[in-house]
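Me: I would like to learn how to read the features of a protein model step by step. Could you take me through some of them?

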Amino acid sequence: MNCALNMIPIKSQKDIEKMRAVNRLVALTHAEIEKHIAVDVTTKELDKVAHDFIIKHGARPNFYKYRGYPASSCISVNEVVIHGIPSYRTLADGDIVSVDLGAVLDGFHGDMARTYAVGSISNNAKSLIQVTKDCFYEGLKECRAGRRVGDISNAIQKHAEKFGYGVVRQFCGHGIGRRLHEDPAVANFGASGTGTLLKAGYCLAIEPMINEGSFNVTIDSDGWTVRTADGKLSAHYENVVLITNDEPEILTQYKGVKTYDKN
């Protein structure tokens, strides 16, 4: 989504526990999705896996009908950067597919994106996926109370551009909590020492969107599908991070987590 937001809530300890629960569920959903990514699977089938898993675990997909979006996840293949609408398109060997999905549970939102390989992918695609992931972790180093959002943005940009990649400007990360999109906006480019001062209790969805070529993008006539303007590949990597008075905590994790299966 774009970067026009409002105010910055600080999460209480009770809020944080709820944020942990929903974001771990979102991570579990990704773990389930990953099992189904294969040649000849349709993006619509992957969306159904995500939708059914979230519902089964007592939550609901927060992307569905959000600002009119027609599916429970965004599934973006190859040159599609973000907001790919699931369809009967089948995945092919060598594709890369970005899956962005979220859920709302007990009044709080989760959000997470990953780019997956389909079959055997090119070395260029492997490098793009790895660097995009590394961009997140470079940004994570700046997720400390007392630093600024621009420090995160600058770290992401510098790492991507070392490899000659384009950093998407038109879309950004965001705060998250009782709403899917809260302040502050977290761009993937910018100057260090600028922007919102980070405080303990902020939850940020940090999501590098990195293009193999130019940072320029286009939007399809459906109003959602964002593509690289030059037709080159794009990758996406997102986690929700809690700012603390010490090390930041990645909330979108699933190892050793209790699930919310009603059955």
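Reply: What follows is a short conversation about strands, a loop residue and aromatic rings in this model, which is predicted.

Me: Let me begin with strand S4. How many of the residues of strand S4 are buried?

Reply: A residue counts as buried when its relative accessible area is under 20%. In strand S4, which covers residues 96-105, 10 of the 10 residues are buried, so the strand is largely enclosed by the rest of the structure. Ile96, Ser98, Asp100, Gly102 and Val104 point one way from S4, while Val97, Val99, Leu101, Ala103 and Leu105 point the other way.

Me: Which strand pairs with S4 over 10 bridges, and in what sense?

Reply: That partner is strand S5 (residues 108-117), and the pairing is antiparallel. S4 and S5 form a hairpin with 2 residues between them, and Asp106 in the turn has a positive phi of about 55 degrees. To follow the pairing by eye, you can look for Val99, which stands opposite Arg114 in S5. Strand S2 (residues 73-77) also pairs with S4 in the antiparallel sense, over 5 bridges, and here Ile75 stands opposite Val99. Strand S1 (residues 60-61) runs antiparallel to S4 and is joined to S4 by 2 bridges, with Pro61 opposite Ala103.

Me: Now a loop residue: is Thr42 buried or exposed?

Reply: Thr42 has a relative accessible area of 10%, and is therefore buried. Thr42 lies in the loop between helix H1 (13-36) and helix H2 (43-56). Leaving aside residues up to four places away in sequence, Thr42 touches Ser87, Tyr88, Arg89 and Thr90.

Me: How many aromatic pairs does a search of the whole structure find, and how should I describe one?

Reply: A pair of aromatic rings is described by the distance of the centres and the angle of the planes. The search of the whole structure finds 5 aromatic pairs. One of them joins Tyr69 and Trp224 edge-to-face, at 5.0 Å centre to centre and with 80 degrees between the planes. Tyr69 and Trp224 are both buried. Another pair, Tyr137 and Tyr237, is tilted, with 6.3 Å centre to centre and 50 degrees between the planes.

Me: Why does the pair of Tyr137 and Tyr237 tie together parts that are apart in sequence?

Reply: Tyr137 lies in helix H3 (residues 123-140) and Tyr237 in the loop between strand S13 (234-236) and strand S14 (239-242), so the pair ties together parts 100 residues apart in sequence. Tyr137 is partly exposed at 33% relative accessibility, whereas Tyr237 is buried, with a relative accessible area of 8%. Arg114 lies over the face of Tyr237, at 3.9 Å from the ring centre.

Notes:
Residues are numbered from 1 along each chain as its sequence is written. This is a predicted model: local features need pLDDT of at least 70, side-chain atom pairs count only at pLDDT 80 or more; totals for chains, interfaces and linings use all residues. Side-chain values use heavy atoms; hydrogens and water are left out. Buried means under 20% relative accessible area, exposed over 50%, partly exposed in between (1.4 Å probe, protein chains only). Helices (H or I, at least four residues) and strands (E, at least two) are DSSP runs, numbered from the N terminus. Two strands pair if DSSP finds at least two bridges between them. Contact means heavy atoms within 4.5 Å. Rings of Phe, Tyr and Trp (its six-membered ring) pair if their centres lie within 6.5 Å; planes under 30 degrees apart count as stacked, over 60 as edge-to-face and the rest as tilted. A charge sits over a ring if NZ of Lys or CZ of Arg is within 6 Å of the ring centre and within 35 degrees of the ring normal.
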